[in-house]
Amino acid sequence: MSTASRIRTISVSGNDLAVRVSTDEDPAEDSPILLPSLGEYPVYDDFSYEYMIADELRTEAYRAALRALAPGKVVLDIGTGQDAIWAVTAANAGATRVYAIEVIPDIAEKARQSVEAAGLTDKVTILEGLSTRITLPERVDVLVSEIIGAIGGSEGAESVLDDARRRFLKPGGASIPHRCVTTVAAVDTSTVLPAGDLAFSPLFLRDLEQIFASVGYPFDLRLCLLGLEQAEFLSPQAEVEDLCFTRPMPGEGVDDVDLPVTKAGRMHGLALGMRLWIMPEEDRPIDSLAQQTSWCPVYVPLSMDGIAVERDDRIKLKIRRSLSDDGVHPDYEITGRILRAGMSTVDIAWRSPHHGTTFRGSAPYRSLFPDPA
Ligand SMILES: C[S@@+](CC[C@H](N)C(=O)[O-])C[C@H]1O[C@@H](n2cnc3c(N)ncnc32)[C@H](O)[C@@H]1O
């Protein structure tokens, strides 16, 4: 990442807000990029959509699953998107009927046009609205969705797909994807982030504006870091937030994690990712911390300078998720400590509500949103 940065201004509720961005307007394909976590907000931009559609690991796994499970079946696609990609794939694979739900009105309209262009209006019905508020005329055999977040459940998969399983899926029906877990590891970002101020990629200024507009005010939103390499990991990945979409899911939960430090370094924070099983019998899930995918790892900044850690230190974490007041998206909280034999401990605390009111609450956010006063 370029170390040079400058201040740009975005508009939030008619007021100017200063945002620090890197001067790198057109970063090389493999250079690290800091961006806001987008998927949990009603934000839709062509760049992110194309990036997701171009992710062949994702699209090929979904296509293969639909070719195997859709023929002769009634299918429901939740969050169909502008191309109604899985609804069209299911219909072309031989599904008898497909219902496809999309919450963003403009996108639902585009999805209707895509179904028309594919000549599939007799098979595919586009329904506009939030899946949790919609009723269907019949139960379905197969539920397909791609509302998996950068943190597995952050886009509301747990509450939305639990509701869909209860109200829409026939007993014994299939879900694509089948299971998702969130992963966590300690990271040293010395080689990917500048030592001084943090800066967003300028490509995401419009998204920041849209996220803050959707919530109504600026807040310390989750950060994603594209371009983390295995060399930056100081610990193995631990699994939390285990969601199996064909079983009841509680909507909230706490996981305890004990991460061994396997490499000495400076721990700047944690990376959160996800492992996704599209089909139940897959032995190699998609792994966003180990593979280059369209799911960017979330970066949990804990220390601008990094906390010195040594091999065999232990990082004990409690990771909580609770449903936010919108009834769909979880709030996340991580507390814990770094333990070293015979030494004092270092406490860790990160609160990341879906739409919290804390703004510029810690050094990384004061750097990203400099106060002009
Ligand atoms: C990540 S995009 C996926 C688009 C497409 N299905 C794909 O996989 O390429 C998620 C889409 O789901 C929509 N969405 C998310 N939750 C939804 C819900 N509960 N009901 C209806 N649409 C939803 C979003 O507006 C967005 O268009």
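This is a short chat between a student and a tutor about reading a predicted protein model.

Student: Where do I start? How many helices and strands does the protein chain have?

Tutor: Start with the parts list. This predicted model has seven helices and 20 strands in its protein chain. The radius of gyration is 21 Å, close to the 21 Å that the globule rule gives for 373 residues, so the chain is as compact as a globular protein of that length. Along the principal axes, the C-alpha trace spans about 65 × 45 × 35 Å.

Student: And what share of the residues is buried?

Tutor: Here we use a cut-off: buried means under 20% relative accessible area. Buried residues make up 55% of the 373 in the chain. You can also look at contacts: of those with a separation of 6 or more, 77% are between residues 24 or more positions apart.

Student: Can we zoom in on a pair of strands? Which way do E1 and E2 run, parallel or antiparallel?

Tutor: Strand E1 (residues 5–12) and strand E2 (residues 15–22) run antiparallel, and eight bridges join them. Take Ser11 as an example: its bridge partner in E2 is Asp16. The hairpin has two residues between the strands, and Ser13 there takes a positive phi near 50 degrees.

Student: Why would I point out a positive phi?

Tutor: Because most residues other than glycine have a negative phi, and most peptide bonds are trans. Now for some cases here. Asp312 has a positive phi, near 80 degrees, and sits in the loop between strand E17 (307–309) and strand E18 (314–323). Arg360 also has a positive phi, near 55 degrees, in the loop between strand E20 (346–352) and helix H7 (363–368).

Student: Is Asp312 buried or exposed?

Tutor: The cut-off for exposed is over 50%. Asp312 has 62% relative accessibility, so Asp312 counts as exposed.

Student: You mentioned peptide bonds too. Which residues does a cis peptide bond join?

Tutor: Look at Ile176 and Pro177, where omega is about 5 degrees. Pro177 lies in the loop between strand E8 (169–176) and strand E9 (179–187).

Student: Now a helix, please. How many of the eight residues of H3 are buried?

Tutor: Seven of the eight residues of helix H3 (residues 85–92) are buried, so H3 is largely enclosed by the rest of the structure. Among them are Ile85, Trp86 and Val88. After H3 comes Gly94, with a positive phi near 110 degrees.

Student: What happens in the loop after H3? Is Ala95 buried or exposed?

Tutor: Ala95 lies in the loop between H3 and strand E5 (97–102). Its relative accessible area is 0%, so Ala95 is buried. To see what is around Ala95, skip its neighbours within four places in sequence: its contacts then include Ala70, Pro71, Ala90 and Lys123.

Student: Are loop residues worth checking one by one, then? Where does Ser324 lie?

Tutor: Ser324 is in the loop between E18 and strand E19 (330–339). With a relative accessible area of 6%, Ser324 is buried. Setting aside neighbours within four places in sequence, Ser324 is in contact with His329, Pro330, Asp331, His354 and His355.

Student: One last thing: how far apart are the mean positions of the positive and negative charges?

Tutor: They are 5 Å apart, taken over 36 positive and 56 negative charges. As for the outside of the chain, the accessible surface comes to about 15,900 Å², and 49% of it belongs to carbon and sulfur atoms.

Terms used: Residues numbered from 1 in each chain as written. Predicted model: local features only at pLDDT ≥ 70, side-chain atom pairs only at ≥ 80, totals over all residues. Heavy atoms only, no water. Helix = DSSP H or I, 4+ residues; strand = E, 2+ residues; numbered from the N terminus. Rg over C-alpha atoms; globule rule 2.2 N^0.38 Å. Buried < 20%, exposed > 50% of the residue type's maximum accessible area, 1.4 Å probe, protein only. Contact = heavy atoms within 4.5 Å. Areas by Shrake-Rupley, 256 points an atom, 1.4 Å probe, with all protein chains shown as cover. Lys, Arg positive; Asp, Glu negative; His and termini not counted. Charge placed at Lys NZ, Arg CZ, Asp CG, Glu CD. Pairing = 2+ DSSP bridges.
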